[in-house]
Amino acid sequence: MKRMKHFSRMIYILAAAAVLIVPQALSAAITVNGNVEARNQSGVHEGDVYRNYLRADVELGESLNNTVVKVILRAEDDTIRPEKEEKKLDIVDTSGTTVTTSERNYLDDSYDGPQRVYLREAYISHDIYFDSIIDSVNLKMGRIIYTWGNADEQKPVDIINPQDYSNLYFTPIQDRKIGVFSGSMSVFFTENFFIEGVVIPEFRSSEIATTVFTTDEVQKLQDNPMFDLQDPETPDKKNQENSYAGRIGLMIFDIDMHANYYYGYDHLPVNKFKVTSFTPMPPSATMSVTPEYEKIQMFGFDFQRALFFGITLRGEGAYFDRGKYFYYDTDSDSGSILTSSLAYNLMNEQGDGTIEKDYVYYTAGFDDHDFIFDDLYVNLQFSQKIIMDHENTLAQDKYVNHILWTVKYFMLNKKFCISTKGAYNLKEESTYANGEFLVKFTDNFEFMLGGWVLEGDEDTEIGQFDHNDMVYVAGKLTF
């Protein structure tokens with residue numbers, strides 16, 4: 001009943017927005033379009049419903065001379081996002097007094113809950129043209145979603161926007177992105193050479209609160225009584241600084257390339273550990289864990305080049321020389337965390353359980369829209385992450401290698417499509433793979449039926465969700 005009230009409220013808000021905005025938009029010759037999507041994800045092992053998702057987007061746009069205004073209003077009801085209400089807990093403190101406290105969702109300082117209506121993107125863009133060395137200048141300001149780089153799902157340089165990871169990689173990266181309030185200026189010297197600068201005066205973290213796909217790392221921090229998980233230290237609680245990004249675009253010998261730079265906050269936190277109590281006999285300890293958002297610095301490069309027979313090579317890579325932290329291992333020969341590399345760092349080296357390392361991340365591959373025969377799209381890429389100056393005491397491996405693929409075959413004038421996509425981790429021998437059948441009943445309505453298979457050992461990044469194999473059904477209406 002409570003969820004129905006929330007949902008009804010969302011519908012009323014959308015209806016009110018349509019009544020107030022759409023007639024005015026039409027009278028002002030503003031373009032109006034959007035879409036409505038419904039989706040269900042259900043587990044195949046226990047039959048649990050993982051996710052019921054309903055989303056409505058309304059996009060308003062207007063072009064006036066050299067100025068473009070774009071607004072995307074989104075309303076959604078997503079059961080994979082935990083309820084906003086906090087769970088009250090009764091805890092007995094050291095003096096024997098019962099204290100009522102609350103258990104929050106992980107990193108949910110500004111968490112909205114399953115139902116929300118918000119501006120997904122809203123900006124104004126203006127072009128200024130010159131008859132000189134500079135061809136034109138574009139100025140843009142508002143809540144913007146950026147798309148940098150030429151890879152698909154694993155995009156090393158596309159880091160300006162935080163992301164919603166509540167549904168993990170089952171939601172495409174472009175839909176996962178969260179708009180940030182920012183301003184950009186692009187100076188075009190020719191159609192093949194430009195410089196772009198971005199300033200982001202706000203901080204927004206990525207969202208990882210979920211009812212289904214909680215990682216083992218987060219689960220241990222929440223469930224193990226040895227760890228006392230603190231509220232995150234966000235930049236808002238310190239002296240907040242702007243984040244900056246820039247890139248240079250150039251076309252040489254039909255190679256479209258960009259040099260990229262980012263200096264600003266990472267959207268995912270680093271968990272900093274501190275021993276708060278220790279008892280030698282029997283050995284026991286408690287540790288406070290404080291998530292902190294660090295500043296990172298990235299130098300990146302991306303390219304794409306069309307070759308023969310419609311094949312396109314594309315790729316991107318990033319080098320991080322600041323702000324990438326990795327954890328010391330919690331495993332030990334004795335099986336106790338108190339004799340692990342993490343405990344040694346905390347108690348003997350007076351550390352915080354983490355160490356900063358330079359980091360390399362790149363993705364490269366090719367795609368073809370008519371591979372071998374017409375209407376067969378194939379995209380194959382290789383992605384690698386490398387921790388420079390790696391130490392054996394770290395919990396993370398030096399190399400993480402993935403093979404990624406997307407294959408689509410369109411039939412009967414693209415009314416039907418069968419597809420598969422996924423990734424395979426070479427070292428862990430784990431994979432997540434998707435198969436989907438799409439029917440396009442009309443130009444504005446499509447229906448999808450598919451599933452995800454996850455395989456791997458339970459102590460691996462993908463394998464921890466081995467039990468979450470699922471099927472899904474979805475429908476999307478555009479207008």
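**Exercise 1.** In this predicted model, state which residue of β14 stands opposite Val-270, then place the two strands in their sheet.

*Solution.*
Step 1. Opposite Val-270 stands Glu-292 in β14.
Step 2. β13 and β14 (residues 284-292) are joined by nine bridges in the antiparallel sense.
Step 3. The order β10-β14-β13 describes an open sheet of three strands with mixed pairing. Its edge strands, β10 (227-229) and β13 (270-279), each pair on one side only.
Step 4. From one strand to the next, the twist averages 25°.
Step 5. Helix α3 (residues 216-223) packs on this sheet and touches β10, β13 and β14; the direction of α3 makes about 100° with that of β10.

**Exercise 2.** Classify the aromatic pair formed by Phe-203 and Tyr-265, and decide whether each residue is buried or exposed.

*Solution.*
Step 1. The whole structure holds 23 aromatic pairs. For Phe-203 and Tyr-265, the centres are 5.6 Å apart and the planes make 75°.
Step 2. Angles over 60 degrees count as edge-to-face, so the pair of Phe-203 and Tyr-265 is edge-to-face.
Step 3. Phe-203 is in the loop between β9 (193-200) and α3, while Tyr-265 is in strand β12 (residues 255-265), 62 residues apart.
Step 4. Buried means under 20% relative accessible area. Phe-203, at 12%, is therefore buried, and Tyr-265 is buried at 7%.

**Exercise 3.** Classify the pair formed by Tyr-432 and Trp-452, and find the cluster that includes both residues.

*Solution.*
Step 1. This pair is tilted, with 6.1 Å centre to centre and 45° between the planes.
Step 2. Tyr-432 lies in strand β23 (residues 430-442) and Trp-452 in strand β24 (residues 445-455), so the pair ties together parts 20 residues apart in sequence.
Step 3. Ring pairs link Tyr-432 and Trp-452 into a cluster with Tyr-50, Tyr-169, Phe-170, Phe-213 and Phe-465.

Note on methods. Residues numbered from 1 in each chain as written. Predicted model: local features only at pLDDT ≥ 70, side-chain atom pairs only at ≥ 80, totals over all residues. Heavy atoms only, no water. Pairing = 2+ DSSP bridges. Helix = DSSP H or I, 4+ residues; strand = E, 2+ residues; numbered from the N terminus. Axes fitted to C-alpha atoms, helices over the stretch in contact; angles between N-to-C directions. Contact = heavy atoms within 4.5 Å. Phe/Tyr/Trp six-rings, centres within 6.5 Å; stacked < 30°, edge-to-face > 60°. Buried < 20%, exposed > 50% of the residue type's maximum accessible area, 1.4 Å probe, protein only.
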